Structure formats: C-alpha cells, structure tokens
Amino acid sequence: MTRGAMESVEVFTTEGKGRGLKAQKEFLPGDVIFAEPAYAAVVFDSLTHVICHTCFKRQERLHRCGQCKFAYYCDRTCQRDAWLNHKNECSAIKKHGKAPTENIRLAARILWRIEREGSGIPENCLVSIDDLQNHVENFDEEEKKDLRVDVESFLEFWPAQSQQFGMQYISHIFGVINCNAFTLSDQRGLQAVGVGIFPNLCQANHDCWPNCTVIFNNGKIELRALSKISPGDELTVSYVDFLNVSEERQKQLKKQYYFDCTCEHCKKKIKDDLMLAVKEGDKKPSAETVKEVIQFSKDTLEKINKARLEGSYHEVVKLCRDCLKKQEPVLGDTNIYLLRILSIASEVLSYLQMFEEAAEYAKRMVDGYMKIYHPNNAQLGMAVMRAGVTHWHAGLIEAGHSMICKAYAILLITHGPSHPITKDLEVMRVQTEMELRMFQQNEFMYYKMREAALKNQKIQVMPEPSNEAPPGLFHKKE
C-alpha cells in the first residue's frame, strides 16, 4: 500500500486508462467509501462576498478579512481555520492590489502548500500532486493560449519572496486544475460555489453507469457506493450527466477530459433507443417528421435559454407549450428532447405558481427519468424531490407524498442521512405523511384546513429558475 493510503481502497494501474481506484472490501449502497478534504479549494469569483471561504456555506452576514478585504468568513472560527491557507494569499492580494481569478488563486494555494509541505504524498493521500494527469499535451490551440495567459497572470501575482517554480511545473498545475478539479456546492447541494483539488478522488475513472457517486458534504467530498461493490472491483464515477445518447456523451468526454469512453453503456449504446424514442403504433411518424421535430426542439431550447436570461418566464412557458404540441404526436415519452422541455416547463410554471400544470409536466418528466437513469442517481433523486414538492403545492397530496418518499430513498444513498438536503426531505416526508392521513380520513376537511392554512401564511415561492445546470461533479473552466 502507498504511504498514507486509506485501508478501504488502493490505487492500481489500468490498461489504457492509467491509474484507477479499487475496493479493498465490500461496500453496500449508501456506504461512504471515503471522505476527503480538499488539498486546496477556492470560492468562485462571482460569489466571493456571499460564500464562506473556509466551509463554503452561503450565509447572509459574513465577516470580511480586515487585511486583504477580499476573503469572507462565517465567523472567527472559520477565519482562524482558514489562516494557514489564507496567510500567503492575503499578503499577495494586498501587494498585488486586487484578487486574481479563481484559477490563479487555486494554483497559488496548491503551490503554497507544496512550498510548506514539499511535493511528496501528503498524509491520508494515495498520490501526490505531481502524480496527477495534466493532459497539457492534448490541449488544442485555444486551450494552449488560455494556459499561457493563466501562467503569465500567475507570475504577476506570485510573490518574489515565495519559492519560485519553473514554467513547466506551473503549467502542470494549471493542467491538473483544468482536468481534475471538482465543483464544490453550497450546504444544500443546490448551487455550485467553488472549485477544489482532491487527489484521492482524482484517481476514480469514469463510467457512464458507475458504481459510485460523489457529494460535497460538511466540508469534505464523499465517495459513496451506489450498488453492491465486492473486494477487487474498480470504483467508478460518472464525469457527465447520463441524460445524453452515447455518441454525445463520448464527444463531451473526449472534448473535456481527453479520452474515448469505452464503457459498456457506450459500446452497446444501452438506453439510446429510449432517449431517441418516437411514437409507436398505426400512426408512427416518418423519419423526416422526427428530424423536423428534433430540430424544432433544438431551436426552441435556444430561444428558451435567451428568454430565461432576460427573465421573461411567461415567454418561456409559451415556448414550452408550443414545443410540446409539436413533440407529443411524434416523440416517445422517454425522448430526451421531450424530457428537457417538460423539465423546464415544470420548473418555470412552479416559479410562476401555476402548480397544477407544473405537476402534470413534472409527473411525465419523472416517469421518463425513472426509465433512463440509474435507480440510485443523485440527479434523479433531486428531480423526483422537486416533482413531489410541486405536487404538494398543487394539492395533490397522494402523488406528492409518494414522490417525496421515493426521492428520500434515493438521497439516503446518494447524499446520506446527514446531508442538509436529506434532512430537509425527511421533514417534508413526515409532514406529507401526516397530511395524507388527514386526507384519507376526511378529504373535505383536509382541503378546508389546507385552504385556511395557506390564507394565513405567505405562499412559499419556488426558487427563481436558473440557466445553470445542477452542480456537476467535475469543474471545467469555460
């Protein structure tokens, strides 16, 4: 075993894929295989004043560093805990006059830690930063240009009194960030707020149908089992959302992570038929009609993105309704273009408090997702949870409670019982269970009491729709 390696896993060399992680013992669904603090991590540039720079929690009132005026913390405890990593950064920002971009700040934090501890394998790590792949040799011309800009900006920021590193080594660090950085989410897992390097987790290879998932919880990244894992099995995670046909996933992985995916689902194109499904029966549409509707869907999605950016949510609803009229006679219930429109429509209609129509679309979306996603997929769990809440708002307590229970079962595995979103869901599950009992005993009285309760309190407004996708596993510099 490598020095500092965790007992439950080991690094091994895989044919054609470099290193990988292998289980040393049996794991069951929901087991935490390991939890790893960041080697180095920073808050995104756009959120530096609203997210704590130590625990990455969103807080209404944060304390600002009195020296650099850049870093923010929950309280004195977070500020003290941050000082080891912030000390050099603090003086460098003061001297430089302003804070550099998140990529420069992350590279600087990595190199200051190497300056303090050396470049060997840190305690409780399986590999060193030097061992991580950088893929610089695979960069295209645009990426090479961006790398040169980053290196130049870094050298302008890096203090003369700090240890000096060669251009090649600095380029290695930026390459590592480019293809190995993980996205950090806020305490509820709903918004991407930062980026970090986790050397152990970087060793997990990709599979489109993985046996593990990754979640940021209580300041650490957790690798959690999605299915039963036997000793000697490779531990895999998915770098991309499964809700794409195999060819598109392969293109995305090649572009972003520089490898050709040869997992079973890509080789055999498993579930592609569902994601491209068309209506069956006597009136099966022609190939030309299907092509036209798919193109119309793509064009509509572009218009929707533009309308969402402008905050024109009623226009988004109109675009979705018009698109669904075109799609419904042609596309199957699991077609990804239909599911994308249903997802947007249900989210925006919920925000506009048009809950009955939103619930109808959410139900159809969830029914499609259940046939496509891995049964313990985190994004499936979150989608089912949102659909359950939408049904509750619509007064559809039976369907709402059922969905919330399904979501809770999934999130217990993907997020664990201690994660804030799972705790929130448990509260909802208990509340809807009580309401369901009341509904079953006296339906008329249930609706009367519900109506009175809603009159006496402000209606809970659903969060404003965002153009951002849910926080993904890997961070990719735009």
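1. Asparagine 218 sits in the loop that joins strand E10 (212-217) to strand E11 (220-225), where helices (H or I, at least four residues) and strands (E, at least two) are DSSP runs numbered from the N terminus. Its phi is near 55°, a positive value in a residue other than glycine. Most residues other than glycine have a negative phi. With a relative accessibility of 66%, asparagine 218 counts as exposed; the term buried stands for under 20% relative accessible area, exposed for over 50%, and partly exposed for what lies in between (1.4 Å probe, protein chains only).

2. A word on the basis of these values: this is a predicted model, in which local features need pLDDT of at least 70 and side-chain atom pairs count only at pLDDT 80 or more, while totals for chains, interfaces and linings use all residues. Residues are numbered from 1 along each chain as its sequence is written, and side-chain values use heavy atoms, with hydrogens and water left out.

3. On confidence, pLDDT (the predictor's confidence in each residue, from 0 to 100) has a mean of 90 over the protein, and 92% of the residues reach 70 or more. Residues 1-5 call for caution, as pLDDT stays under 50 there, and for this stretch the model has 14 contacts beyond four places in sequence; contact means heavy atoms within 4.5 Å.

4. As for the overall architecture, the protein has 15 helices and 12 strands. Its radius of gyration is 24 Å, close to the 23 Å that the globule rule gives for 478 residues, so the protein is as compact as a globular protein of that length; the radius is taken over C-alpha atoms, and the rule is 2.2 Å times the number of residues to the power 0.38. Along the principal axes, the C-alpha trace spans about 75 × 55 × 45 Å.

5. Of the 478 residues, 51% count as buried, and among contacts between residues at least 6 apart in sequence, 67% join residues at least 24 apart. The protein exposes about 23,700 Å², of which carbon and sulfur atoms supply 49% (Shrake-Rupley method with a 1.4 Å probe; for residues, only the protein chains shown count as cover).

6. Strand E11, which borders the loop of asparagine 218, also holds leucine 223, a buried residue with a relative accessible area of 0%. Leaving aside neighbours within four places in sequence, leucine 223 is in contact with ten residues' worth of partners that include Asp31, Val32, Ile33 and Phe34, as well as Cys212, Thr213 and Val214. From leucine 223 to threonine 236, 13 residues away in sequence, the C-alpha distance is 9.7 Å.

7. Valine 176 belongs to helix H4 (residues 167-180) and is buried, its relative accessible area being 1%. Beyond its neighbours within four places in sequence, valine 176 is in contact with Ile129, Leu132, Gln133, Asn134, Ala181 and Ile197, and its C-alpha atom is 9.6 Å from that of aspartate 131, which is 45 residues apart from it along the chain.

8. Glycine 400 lies in helix H13 (residues 397-414) and counts as buried at 1% relative accessibility. Outside its neighbours within four places in sequence, glycine 400 is in contact with Gly388, His391 and Trp392.

9. Lysine 271, in the loop between helix H6 (264-267) and helix H7 (272-275), likewise deserves a look at its backbone, for it has a positive phi of about 75° although it is not a glycine.
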